[in-house]
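Me: I'm new to reading protein models. Could you walk me through this one, feature by feature?

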Amino acid sequence: MTCVLVVEDEPPLVRALEINLKARNYDVATALDGAHALRLAVDHAPDVVLLDLGLPDMDGIEVIRALRGWSRAAILVVSRTSEAMVTALDAGADDYLTKPFSMGELLARLRAVARRTESTRPSGDTALIETKDFTLDLLAKKARRKGRDVRLTPTEWHLLEILVRRSGELVSRQQLLQEVWGWSHLTKTNYLRVYMAQLRRKLEADPAHPQHFFTAPGMGYRFEP
Ligand code: CA
């Protein structure tokens, strides 16, 4: 069963979406604001998040950023205007719909993003990563080692999230550089060396003999929990 998390602050619309989606055999969870949505995303590990950008407590873009670090859910954004859509897509949304939309249109988009997600994103949807040396809470952006909080910079987190999301896989240098620094920095492999050294120094028990952040020389990096 595909689980859809509906994040929308207009109760009549939430009700209509819930009825229609349940009638089509979707498992549905609903949240009226961003904070509740993030909590539900942790509990339910939805396949798709249907996200209204205009929420009472936080910007929908912030919700996308908070999810994208660790959740494999597809994010289908809904908004009254198309202005914020580019920002939403850049932040990691998969597709968007402008209000008002028909239920048929919504269902078609929902099927398409759910299908794409199943085929391209690795499983293992968790915000909490525990290794024998450290723990990471990707939602709260907290790292702990030996009972102490470890401070990581936003760039270190970004790099860490990409590696952790694809735990056990080799992630190429180009992919990391492009995701963290953008297309114009694809040759700056020295950035990666510096940041990976920092991550090891902060998180590994013995940074000289890493057990979690591995280098594949000339190719990329791999995280093992
Ligand atoms: Ca709204």
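Reply: Sure, we'll go from the domains down to single residues. Keep in mind that this is a predicted model.

Me: Let's start big. Which domains does the assignment give?

Reply: The protein is assigned domain 1, covering 3–120, and domain 2, covering 128–223. Taken over C-alpha atoms, their centres are 29 Å apart. Where they touch, domain 1 brings six residues to the contact and domain 2 brings four residues.

Me: How do I read the area buried between domain 1 and domain 2?

Reply: Look at the amount, then at which atoms supply it. Here about 470 Å² is buried between domain 1 and domain 2, and carbon and sulfur atoms give 66% of that. On the domain 1 side, helix 2 (34–44) and helix 3 (60–68) are the elements that give two or more residues. The residues on that side of domain 1 split into four nonpolar, one polar and one charged.

Me: And how many salt bridges and polar contacts are there between domain 1 and domain 2?

Reply: For salt bridges, the count between the two domains is zero. For polar contacts, there is one residue pair, with both residues at pLDDT 80 or more.

Me: What's the idea behind a salt bridge, and how many does the whole count come to?

Reply: Side chains of opposite charge can pair when their charged atoms come close. In this model the count comes to 17 salt bridges. One of them joins Asp 52 and Lys 99, whose closest N and O atoms are 3.6 Å apart. That pair links distant parts of the chain: Asp 52 sits in strand 3 (residues 48–52) and Lys 99 in the loop between strand 5 and helix 5, 47 residues apart.

Me: Is the peptide bond between Lys 99 and Pro 100 cis or trans?

Reply: Check omega: the bond joining Lys 99 and Pro 100 is cis, with omega at about -5 degrees. Pro 100 lies in the loop between strand 5 (95–98) and helix 5 (103–120).

Me: Which residue has a positive phi although it is not a glycine?

Reply: That's Asn 25, with phi at about 70 degrees. You'll find Asn 25 in the loop between helix 1 (11–23) and strand 2 (27–31).

Me: Last one: how many aromatic pairs are there, and how do I name their geometry?

Reply: The count is four aromatic pairs. To name one, look at the angle between the ring planes. Trp 181 and Tyr 191 have ring centres 5.4 Å apart and planes at 75 degrees, so this pair is edge-to-face. Trp 181 belongs to helix 7 (residues 173–181) and Tyr 191 to helix 8 (residues 189–203), ten residues apart.

Key
Residues are numbered from 1 along each chain as its sequence is written. Side-chain values use heavy atoms; hydrogens and water are left out. Domain bounds come from an automatic or database domain assignment. Contact means heavy atoms within 4.5 Å. Buried area is the accessible area (1.4 Å probe) that two parts lose on being put together, summed over both. A salt bridge is a side-chain nitrogen of Lys or Arg within 4 Å of a carboxyl oxygen of Asp or Glu. A polar contact is a pair of N or O atoms within 3.5 Å; within protein, one must be able to donate a hydrogen and the other to accept it, and residues adjacent in sequence count only if both atoms are side-chain atoms. Helices (H or I, at least four residues) and strands (E, at least two) are DSSP runs, numbered from the N terminus. Ala, Val, Leu, Ile, Met, Phe, Trp, Tyr, Cys and Pro count as nonpolar, Asp, Glu, Lys and Arg as charged, and the others, Gly among them, as polar. Rings of Phe, Tyr and Trp (its six-membered ring) pair if their centres lie within 6.5 Å; planes under 30 degrees apart count as stacked, over 60 as edge-to-face and the rest as tilted.
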